[in-house]
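Student: I'd like to go through this one with you. Can we start at the surface?

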Amino acid sequence: MVREEKVCCPVFNPEKWDRKNLEWDEKPFLRETMPALFHIPFPPLIGKKIIRMYSIAEKAGINFEDKSETLVLFRDPSPFRTEIYYSVTGRVEGVDDTTISGKFVTRVFDGPFNMIPKYIREMEKYLKESEMKARDYYVHYAYCPKCAEKYGHNYMILFAEI
């Protein structure tokens, strides 16, 4: 008997996101916050928070039909707090939702979480070549740890707000 693997994370297409310029005008997101220790969020809470946001969006009918369009962005306003933004197709009353507006430059990287400082330096060099400077950063992880192992890649999109 062949056991089928459950698809958790959709296959990621790096070319779709690498070296792109985006402009968002009130792009809707659900938002959660969680404690972190020197920019490292507590792993057991990450899954719980994302499942909670997914469930809220599913119940409200605002999840993307194509799961590859969903972004889960992480932002660290301090070394001790992480914000998680879950992209949706509309707003929801009575929950912590928000919008993000601005101009962004993206780069796709493939590597472990602890390489993010190096990736930010690479992004800053890339931006400097175009006479731009980041005001803030968001990170989208294309795969959960199990899917990263399954697919053999740990892709992340670095969004530099310019």
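Student: Which residues form a nonpolar patch on the surface, and what is their accessible area together?

Tutor: First, this is a predicted model: local features need pLDDT (the predictor's confidence in each residue, from 0 to 100) of at least 70, side-chain atom pairs count only at pLDDT 80 or more, and totals for chains, interfaces and linings use all residues. Residues are numbered from 1 along each chain as its sequence is written, and side-chain values use heavy atoms, leaving out hydrogens and water. Patch members have over 30% relative accessible area and no salt bridge (Lys or Arg side-chain nitrogen within 4 Å of an Asp or Glu carboxyl oxygen), with like charges joined within 9 Å and nonpolar side chains (Val, Leu, Ile, Met, Phe, Trp, Tyr) within 5 Å; areas are Shrake-Rupley with a 1.4 Å probe, only the protein chains shown counting as cover. Here the patch is Leu37, Phe38, Phe42 and Phe80, with about 420 Å² together.

Student: Is Phe38 buried or exposed?

Tutor: Phe38 sits in the loop between β1 and β2, where strands (E, at least two residues) and helices (H or I, at least four) are DSSP runs numbered from the N terminus. Buried means under 20% relative accessible area, exposed over 50%, partly exposed in between (1.4 Å probe, protein chains only). At 56%, Phe38 is therefore exposed.

Student: What is the phi of Phe38?

Tutor: Most residues other than glycine have a negative phi. Phe38 is not a glycine, yet its phi is positive, about 55°.

Student: Which residues does Asp25 contact beyond its neighbours within four places in sequence?

Tutor: Asp25 is in strand β1 (residues 21-37). Counting heavy atoms within 4.5 Å as contact, its partners are Ile100 and Ser101.
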